[in-house]
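Student: I want to go through this model and ask what stands behind each label. Can we take the definitions as we need them?

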2 protein chains.
Amino acid sequence: MSKSGSPVAVADRNAAACCAPLAQSRIPKEAVSGLSQAFKALGDPIRLQLMSMIASADGGEICVCDLTPAFEISGTTISHHLKVLKESGLVTAERRASWVYYRARPDLMRQLSALLDPDA
Amino acid sequence: MSKSGSPVAVADRNAAACCAPLAQSRIPKEAVSGLSQAFKALGDPIRLQLMSMIASADGGEICVCDLTPAFEISGTTISHHLKVLKESGLVTAERRASWVYYRARPDLMRQLSALLDPDA
DNA sequence: AAACGGTTTCGACGAATGTCGAACTCGATC
DNA sequence: GATCGAGTTCGACATTCGTCGAAACCGTTT
């Protein structure tokens, strides 16, 4: 675990602070990969709705058991989409008893928001 | 052109005003498709860099001839990516003389930014 | 400890995506 | 009006992605 590579998870790298608004200056080359990964995660209709449900959930978290029945696709596919969101750094997951709860990561959301703000 | 369907282009639909911040309430079902399309457009490293160059360009616009040499991929692929950005509503294109100039659409950028703002 | 319910992982499949070269379009210039 | 240069469209191809069912995992309950 002392290798020169990245011991931190992709999600953590993505959550790192970064970047002036798009309208002001070009994105640093090193930040492109992580940021585009986050946008890609939001670039699917199901995942965008999942993110919406998670971010607006009462108490800041929501159970997978409340997410799954809101869609007409299989539970395995929901699980797959949640994994994509998690790996992009947009959400975290915590298991409590039999259930898994997801939370939004406001830090990365704030970054993406600031990046796109044309009035900044 | 009087059919009940949508006479307006996809890009125009996407540019329509919409949606409270994610952290406040769920995205209306009708808005999901257009919004996820915009995020998907930003979800590719090349396109995110293109968007960055366009949005931060001096005078608010930039020529394709200035975009292409910044990448190591073919001109046809750049053209394809610009088309995706245009169809998502994030940019507009205008031909003047031999050259084509791209501009960012601040209205849609502002929408996406507001949607992701966790502090709104 | 056996059985159960919620969730994730695995393996597979068709559809969508990123890339390229060749051919085409549109203005400008000779 | 023939040619040239900038940019787009067209086919084609390999890769990635979204989806599913089956199997595995992990707490809980009996």
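Tutor: Start with one cut-off. A residue is near a strand if one of its heavy atoms lies within 4 Å of that strand. This is a predicted model. By that cut-off, α5(A) gives the most to the surface near DNA strand D, with four residues.

Student: How many residues surround DNA strand D, and which are the closest?

Tutor: There are 22. The closest are A:S74, A:T77, A:H81, B:S79 and B:Y102. By class they divide into eight nonpolar, nine polar and five charged.

Student: What makes A:R47 a polar contact of DNA strand D?

Tutor: The limit for a pair of N or O atoms is 3.5 Å. An N or O atom in the side chain of A:R47 is 3.0 Å from a phosphate oxygen of DNA strand D. That is within the limit, so the pair is a polar contact. B:S79 also uses an N or O atom of its side chain, at 2.8 Å from a phosphate oxygen of the strand. A:S74 uses a polar backbone atom, again 2.8 Å from a phosphate oxygen.

Student: Which elements give two or more residues to the surface near DNA strand D?

Tutor: From chain A, α5 (75–88). From chain B, α4 (64–67), α5 (75–88) and β3 (99–104).

Student: Which parts of DNA strand D lie within 4 Å of the protein, sugar and phosphate or bases?

Tutor: Both. Sugar or phosphate accounts for 75% of those atoms, and bases for the rest.

Student: Now DNA strand C. Which residues are the closest to it?

Tutor: A:S79, A:Y102, B:S74, B:T77 and B:H81, out of 24 that surround the strand. Of the strand's atoms within 4 Å of the protein, 73% belong to sugar or phosphate. The surface near DNA strand C has eight nonpolar, ten polar and six charged residues.

Student: How do you know that B:K40 makes a polar contact with DNA strand C?

Tutor: Compare the distance with the limit. A polar side-chain atom of B:K40 lies 3.0 Å from a phosphate oxygen of DNA strand C. The limit is 3.5 Å, so the pair qualifies. The side chain of B:R47 has an N or O atom 3.0 Å from a phosphate oxygen of this strand. For B:T77, a polar side-chain atom lies 2.9 Å from one. The elements that give two or more residues to this surface are α4 (64–67), α5 and β3 (99–104) of chain A, together with α5 of chain B.

Student: On to the protein–protein side. Why is the pair B:D119 and A:R110 called a salt bridge?

Tutor: The rule asks for a side-chain nitrogen of Lys or Arg within 4 Å of a carboxyl oxygen of Asp or Glu. Here the N to O distance is 2.7 Å, so the pair meets the rule. The count between chain A and chain B is two salt bridges. Five residue pairs across this interface are in polar contact.

Student: What makes up chain A's side of that interface?

Tutor: α2 (29–42), α3 (45–55) and α6 (106–116) each give two or more residues. The largest share, seven residues, comes from α3(A). By class, this side has 17 nonpolar, eight polar and six charged residues.

Student: How much area is buried between chain A and chain B?

Tutor: About 2,800 Å², with carbon and sulfur atoms giving 70%. In chain A, the residues that lose the most area to chain B are A:L22, A:L48 and A:L116, together 20% of what that side buries. The contact takes 31 residues from each of chain A and chain B.

Student: Why is A:L48 called buried?

Tutor: Buried means under 20% relative accessible area. A:L48 has 0% relative accessibility, so this residue counts as buried. A:L48 sits in helix α3 of chain A. Setting aside residues up to four places away in sequence, A:L48 touches A:L42, B:I27, B:V32, B:L35, B:S36 and B:F39.

Student: And what percentage of chain A counts as buried?

Tutor: Of its 120 residues, 42%. Chain A has six helices and three strands, in the order α-α-α-β-α-α-β-β-α.

Notes:
Residues are numbered from 1 along each chain as its sequence is written. Chains are lettered from A and ligands numbered from 1 in the order in which they are written. This is a predicted model: local features need pLDDT of at least 70, side-chain atom pairs count only at pLDDT 80 or more; totals for chains, interfaces and linings use all residues. Side-chain values use heavy atoms; hydrogens and water are left out. Contact means heavy atoms within 4.5 Å. Buried area is the accessible area (1.4 Å probe) that two parts lose on being put together, summed over both. A polar contact is a pair of N or O atoms within 3.5 Å; within protein, one must be able to donate a hydrogen and the other to accept it, and residues adjacent in sequence count only if both atoms are side-chain atoms. Ala, Val, Leu, Ile, Met, Phe, Trp, Tyr, Cys and Pro count as nonpolar, Asp, Glu, Lys and Arg as charged, and the others, Gly among them, as polar. Buried means under 20% relative accessible area, exposed over 50%, partly exposed in between (1.4 Å probe, protein chains only).
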